[in-house]
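Please walk me through this protein for someone who has not looked at it before. I would like an explanation in connected paragraphs that follows the chain from one feature to the next.

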Amino acid sequence: MERLLIAAAVAAVWRAAVFGADSDLTRHVLPLMGSDSTFEFSTGNTYPAVGRPNGMHLWTLQTGKNGNGWIYGYRDQKIRGIRQTHSPSPWINDHGAWSFMPLTRDAVGEEQRASWFTHKAETFEPQRLKIYLADDDTTVELTATERAAIARVVYPATDTPYLVVDAFGKDGRVEVDAAARRIRGESAFFRMGRLPQGFANRFVLEFDRDFAVAGGEGTSIARIKFAPTRRGETVTVRIASSYISFEQAERNLGELGDGDFGRIVEEGRAAWNERLGRIGVEGALDDMRKFYTCLYRTQLFPLALHEFGADGETVHRNPETGRVEKGVYYAGTGFWDTFRALFPLLNFAYPDVNAKMTEGLRNCWLECGWLPEWSAPGIVNCMIGNNSASVVADACLTPGVASRETAEELYRALLHGANAVKEGNKSCGRDGWELYNRLGYVPRDVKIRYSAARTLEYAYDDWCIWRLGVALGRPKDETDVYLRRSGNWRNVFDPSRGMMCGRASDGTFDANFDQFEWGADFIEGCSWHYTWSVFHDVGGLAEAMGGKAVLAKKLDEVFVLPPVFRGYGGRVIHEMREMQVADFGQYAHGNQPIQHMIYLYDWTDEPWKAQHWAREAMDRLYRPSPDGYCGDEDNGQTSAWFVWSALGMYPVCPASGEYALGSPLFERTVVRMPGDATLVVSAPGVSAARRYARRVTLAGRAVNGNFVKFADLRKGGELAFEMSDRCGRGD
Ligand code: CA
């Protein structure tokens, strides 16, 4: 804790130097951005999340029904509870969720107790929420630490000040101990399979006054009643949770210290400013709001799962095995999404944060025998690829993130995952690995779905394994296998079409290939979205297509083609709709596969088109409003795209140590690099019109080509863009 405070103090001094006295960046964060989403149409599929950066629990208001993945809908009119959540996405839903709700009416169940509210009487900050519950004339304010929270409930004058605790039906239970002024509960709510024996969210609420038991419903909803209140009387509730035990939950209450609400809010604000302040931008208010809201979303997931035991030792309950183990652990991220821009961003500006997550991955491997591809909180069956290889390699190749020992252990995990698949979970390891290793691709006729997309991702993942193996000095005959396999993307590249195409076991390409078909050989996209998934060899892709000019033309087509989609048996999945409405042709920024594509112009003679489209996407596909994203935000990934793009660069190939240049959003961006070096990205006069880079210099020297290296940026200095309203480089 002390070290944290010192770090926060140092950060505050640095921030003040960059921003002047007014350095509270949390005021630019709009937690509601992306919350105007439904099953059919996502403008983020986010909920306003209150907590600490990568804390253990998040808090929000619940408008959706218990068990509905859509916890908070911006257009909903009633609040059902103040909810503790760990939901990374409505599609994954939640685990260990529960809620509480103060009432003055005689109600218990979620339908009866729901109260009207308005956004005008609602406050969301990263460190605090406040809501006026109109039907009960009651206000709730809550602030949280990593594992605990404190709530203040302001009642009106009433003879019936109730409070309901809801542990979500059959998966939960609640016990009231009025004599101890305490409620204990447990939630094993989970929708992605089964939680292991022993794994549940155990929570405790402690009240600052006496109360009586006032019924409830079954064993999972309890209601208590306080003595009559005067108008404005405040009941304070101290809350903490644990995955280990009730005893540990009570220990976690210690995070609240003396329970001073205002102090905890300020500590939360400082913790957020420490993260947000590592990248300082100044510009138009709406752009700053978009930037810091996106940056906030990159600092929520994965959530910590570890706690500090009686002697201060770090412990966690493994969400896959159910056993209590030593060390750190994180969960709640899908690598298929987040390998692309989120983890590279952490390595770039938050290596200390990712060092702990990387240690957590090592613990996962040692305890489970696998790396997760989707942790939620255990290793769930969702999406494809073996992109833990990218996450691990990028981390281990970044100085200061992983120890040699950790890197070696994780490398063993990668070799294992590349040549196996977990029983009963085709998303863990590699589905079709034997065929892939033998044929050089996953064939489309062996009942393995998304065969071409899998092949492309495995090939890139192999390149990551090769990179890490070489860096660790592994034998050449071992690493060469992965280098060779990294070329397997060529096996699903159909030269006659110049596009990626599914291929049968006998080597023939799909005779009925449909360029607009989603969901057959490509997951959540069509060939137009996956043809670019050669992150590690864009030059090779250009060559295979017939040269740089052909690649450029193919990239152009993406924006010119109509937003046609077919597939999924005629079902319209929300990603299709989000592409259709965006007016960006086939450029489906609302989903991950194509998000790096704009930057592939850097491999052609027309890098100005990367600058053009990067700015276009920043301006048109992100808004500082509840419908602000153009599809699922996905645990920081789609936000990380914006953060990188605003910096004027993008990690097209994580684990390469290189970034492709784009068009900075701000005239001046200051990044506090590891070791307190300062990187300044400057673009004087930049605007929507002046979006083109005529010249780029780093530390006074011209950047030749369209790429910069992390090794050069981390030393600090100025990356200077000379902007123009005319496209093309030079004079
Ligand atoms: Ca997605």
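A helix makes a convenient starting point in this predicted model: α5, which covers residues 285-297 and so has 13 residues, reaches 18 Å from its first C-alpha to its last, close to the 18 Å expected at 1.5 Å a residue. Helix α5 is mostly covered, since ten of its 13 residues are buried. The buried residues of α5 are D287, M288, K290, F291, Y292, T293, C294, L295, Y296 and R297.

A second helix, α9 (residues 388-396), goes further in this respect, for nine of its nine residues are buried, and it is therefore largely enclosed by the rest of the structure. The residues in question are S388, A389, S390, V391, V392, A393, D394, A395 and C396. As for what surrounds them, the buried residues of α9 pack against α6 (335-338), α7 (342-349), α8 (351-368), α10 (404-418) and α12.

From single helices we can turn to the overall division of the chain. The domain assignment of the protein gives domain 1, with bounds 47-276, and domain 2, with bounds 279-724. Taken over C-alpha atoms, the centres of domain 1 and domain 2 are separated by 35 Å, while 36 residues of domain 1 are in contact with 42 residues of domain 2.

The nonpolar interior can be read against this division. The largest nonpolar core has 212 residues, and those with the most contacts inside it are W59, F100, I279, F348, W532 and L719. Helix α12, residues 451-471, gives the most to this core, with ten residues. Because domain 1 (47-276) and domain 2 (279-724) both give residues to this core, it lies between them. One of the residues with the most contacts inside the core, F348, is in contact with W644, L647, Y659, V671, M673, P674, L679, F710 and L713, leaving aside its neighbours within four places in sequence. There is also a second, separate core of ten residues, which includes A240, A249, L256 and F261.

Two residues in loops can be set side by side. H536 is found in the loop between α14 (527-530) and α15 (538-545), and it counts as buried because its relative accessibility is 14%, where buried means under 20%. The side chain of H536 reaches the backbone oxygen of S486 at 2.8 Å; with its neighbours within four places in sequence left aside, H536 is in contact with A459, Y460, W463, S486, W489 and C653. K170, by contrast, lies in the loop between β10 (162-166) and β11 (172-177) and is exposed, with a relative accessible area of 79%. The side chain of K170 makes a polar contact with the side chain of D171, at 3.4 Å. Although K170 and T219 are 49 residues apart in sequence, they are 8.4 Å apart in space, C-alpha to C-alpha.

The last stop is a metal site. Which protein donors does the calcium ion have? They are N591 (OD1), Q592 (OE1) and D634 (OD), lying 2.3 to 2.4 Å from the ion. Along the chain, the donors of the calcium ion follow the spacing N-Q-x41-D. Both N591 and Q592 are buried.

Definitions and conventions:
Residues are numbered from 1 along each chain as its sequence is written. This is a predicted model: local features need pLDDT of at least 70, side-chain atom pairs count only at pLDDT 80 or more; totals for chains, interfaces and linings use all residues. Side-chain values use heavy atoms; hydrogens and water are left out. Donors are N, O and S atoms within 2.8 Å of the metal (3.2 Å for Na, K and Ca); water is not among the atoms, so sites may look incomplete. Buried means under 20% relative accessible area, exposed over 50%, partly exposed in between (1.4 Å probe, protein chains only). Helices (H or I, at least four residues) and strands (E, at least two) are DSSP runs, numbered from the N terminus. A polar contact is a pair of N or O atoms within 3.5 Å; within protein, one must be able to donate a hydrogen and the other to accept it, and residues adjacent in sequence count only if both atoms are side-chain atoms. Contact means heavy atoms within 4.5 Å. A nonpolar core is a set of buried Ala, Val, Leu, Ile, Met, Phe, Trp, Tyr and Cys residues joined through side-chain atoms within 4.5 Å. Domain bounds come from an automatic or database domain assignment.
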